Amino acid sequence: MKKISLLALSVFMLSANGALAAGPHIYANKITANNITAIQHSIMSNAMQTFEGTAAAALGGRAKLVKQTEDSKFLYGTTPMYGWPRLYGEYGDDDTAQRGRNGGDDDINELERTDNRPVLNSVWLNWQHVNDDVKFKGYDELSTNTDLISFGLAGGEAQRGIGISEWGIFGGYIGGDQENKFISIDERGGYVGLYTGYNIQLFNMSLAADFGTLYNNAEHQYGNDEFANMWAGAALNMTYNIALDNTFTIQPGVYAGYTWISGANYMSMSGDAVANQNFNSFEIAPEIRAIKHIGRGWFGFINFKYAFMMGHGGDVVVNGMKYDDLDMRDYAEYGIGIEKSIDRFNIALNLNRRDGGRAGWNGGFNVKYIF
C-alpha cells in the first residue's frame with residue numbers, strides 16, 4: 001500500500017467505483033480514539049485518587065493514634081485512614097475536636113478497629129468538565145468539550161501482609177463534542193470498571209481496569225457518518241506521602257496506563273470505504289501534589305503532572321490506500337483544589353489547566369459519603 005501525505009486529503013481520488021471525495025473527515029475515528037485516551041486518563045486518575053482517599057487521608061499514616069484534645073486539631077488527618085477513626089469532619093466550625101465516628105473509646109487498640117471495619121466504607125459521585133483544544137501533528141486543531149459523570153463504591157478493607165487492601169467498583173457516563181472547520185463529532189457513551197488498592201502507611205498503590213463504549217455522529221460537508229468505538233484499559237498509580245510538618249504533605253506519584261480501542265470500519269457518506277485499525281495507547285504521567293490543612297477542616301491542594309503519550313495510533317485505510325497517522329502530542333496539566341468535610345460527607349472542588357498536545361481548562365467536583 002502506498003502511503004499518502006495529509007496534503008492529499010483535499011484532493012479528489014479516482015477509483016474503479018468512480019470519483020471518491022476523500023477528505024479530512026476520514027480521520028473521524030482517529031479523532032475519537034485519541035479523545036478516548038484523554039477521557040480514559042481522567043476516568044482512571046479521578047477514580048483512583050477518590051478511592052485512595054481525600055486530601056485529609058493523604059495526610060495519614062505518620063502519627064500514632066492520640067487521645068483527642070484541643071491540641072489534636074494540629075494533627076488533623078495524621079492518623080491512618082484505614083482501621084482507625086475517620087477524621088473527616090471531626091472538627092466543628094469553632095475548631096474544637098469532636099469524637100471519632102466508630103463510637104469506640106479513644107484507647108481501643110488497632111486490632112479491634114481492624115476487625116470492626118464495615119463491608120462498605122464509602123460511596124462517591126464525581127463530575128468533570130473538559131474544554132480544551134486538541135493538537136495533532138499535521139492536522140487542524142480541534143475544539144473539545146467533554147462531560148464525565150462517575151460514581152463508585154469502595155469496601156473490603158483487610159489486612160494483607162504489612163499493609164491494608166481495598167476493592168472498589170465504578171462506572172459512568174460520557175458526553176461531548178469535537179469540532180473544527182472540517183468536521184463536528186458528537187460523542188455519547190459509558191463505562192464500568194474495577195479497582196483494587198494496597199496501602200502501607202505512607203505508600204499507596206492502586207490498580208484499575210475498565211471497559212467502555214462510545215457512540216459517535218460525525219457531521220461533515222458530505223453528510224453524517226455514524227460509528228462506534230469500544231475500549232478496554234488498565235492503569236497503575238503509585239504515590240508516596242512526604243510530611244513536611246503535621247499539616248503539610250508533598251505527594252509525588254506516577255500514573256501508567258494502557259488503552260486498547262477498537263477501530264470502526266464504515267462507508268462514509270462521501271462514498272469512501274474507511275477502514276481503521278485498532279488503536280493502542282501507552283501513557284506515563286509523573287505527578288506531584290502538595291496538600292495543606294488550612295484550618296477548621298478546610299484543605300487546599302495544588303498538583304502538576306506531565307503526560308507522555310506513546311503507542312501505535314492505528315492506520316487509516318481509505319479505498320485501499322493508507323493515510324498518515326494522527327499522533328497526539330504530550331501535554332502538561334496543573335491545577336488547584338479545595339476540600340471540606342461536613343459530618344460524613346466530603347466535598348472537593350478542582351480547577352486545572354492543560355498545555356501542550358491538549359490546551360485548555362478542566363474542572364469539577366467530587367462528593368464522597370464515608371460510612
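Reader: Is Leu-120 buried, exposed or partly exposed?
Author: Residues here are numbered from 1 along each chain as its sequence is written. This is a predicted model, where local features need pLDDT of at least 70, side-chain atom pairs count only at pLDDT 80 or more, totals for chains, interfaces and linings use all residues, and side-chain values use heavy atoms, with hydrogens and water left out. Buried means under 20% relative accessible area and exposed means over 50%, with partly exposed in between (1.4 Å probe, protein chains only). Leu-120 has 31%, so the word for it is partly exposed.

Reader: Which strand does Leu-120 lie in?
Author: Strands here are DSSP runs of E at least two residues long, helices are runs of H or I at least four long, and both are numbered from the N terminus. On that count, Leu-120 belongs to β4.

Reader: What accessible area do Leu-120 and the rest of its nonpolar patch have together?
Author: A patch takes residues with over 30% relative accessible area and no salt bridge, joining like charges within 9 Å and nonpolar side chains (Val, Leu, Ile, Met, Phe, Trp, Tyr) within 5 Å. Leu-120 shares its surface patch with Val-119, Val-123, Trp-167, Ile-169, Leu-194 and Phe-371. Two or more of the patch residues come from each of β4 (120-136) and β6 (163-179). Put together, the patch comes to about 610 Å².

Reader: And how much accessible surface does the chain have?
Author: These areas come from the Shrake-Rupley method with a 1.4 Å probe, and for residues only the protein chains shown count as cover. Carbon and sulfur atoms own 60% of the chain's surface. The chain comes to about 16,100 Å².

Reader: How many helices and strands does the chain have?
Author: Of its 371 residues, 53% are buried. As for secondary structure, the tally is three helices and 20 strands.

Reader: How many salt bridges does a search of the whole structure find?
Author: Side chains of opposite charge can pair when their charged atoms come close. To count here, a side-chain nitrogen of Lys or Arg has to sit within 4 Å of a carboxyl oxygen of Asp or Glu. The search of the whole structure turns up seven.

Reader: How far apart along the chain are Glu-333 and Arg-354?
Author: They make a salt bridge, with the closest N and O atoms 2.6 Å apart. It links distant parts of the chain, with Glu-333 in β18 (residues 331-342) and Arg-354 in β19 (residues 345-356), and the separation is 21 residues.

Reader: Is Arg-354 buried or exposed?
Author: Its partner Glu-333 has 6% relative accessibility, so Glu-333 is buried. Arg-354 has 2%, so it counts as buried.

Reader: Which residue forms a salt bridge with Lys-322?
Author: Lys-322 is partly exposed because its relative accessibility is 24%. The partner is buried at 13%. The closest N and O atoms are 3.9 Å apart, and the partner's name is Asp-315.

Reader: Which residues do salt bridges with shared partners join into one network?
Author: Start with a pair in β19's neighbourhood of the numbering: Asp-355 and Arg-353 form a salt bridge at 3.1 Å between the closest N and O atoms. Asp-355 is partly exposed at 27%, and Arg-353 is partly exposed at 22%. The network formed through shared partners consists of Asp-132, Glu-333, Arg-354 and Arg-358.

Reader: By what distance are the C-alpha atoms of Ile-370 and Trp-124 separated?
Author: Ile-370 is in β20, and at 2% relative accessibility it counts as buried. Along the chain, Ile-370 and Trp-124 are 246 residues apart, yet their C-alpha atoms are separated by 8.6 Å.

Reader: Where is Gln-201, the residue with a positive phi?
Author: Gln-201 isn't a glycine, but its phi is near 50°. With 52% relative accessible area, Gln-201 counts as exposed. Its place is the loop between β7 (184-200) and β8 (203-220).

Reader: What is the phi of Arg-296?
Author: Arg-296 is found in the loop between β14 and β15. At 40% relative accessible area, Arg-296 is partly exposed. It isn't a glycine either, and its phi is positive, at about 55°.
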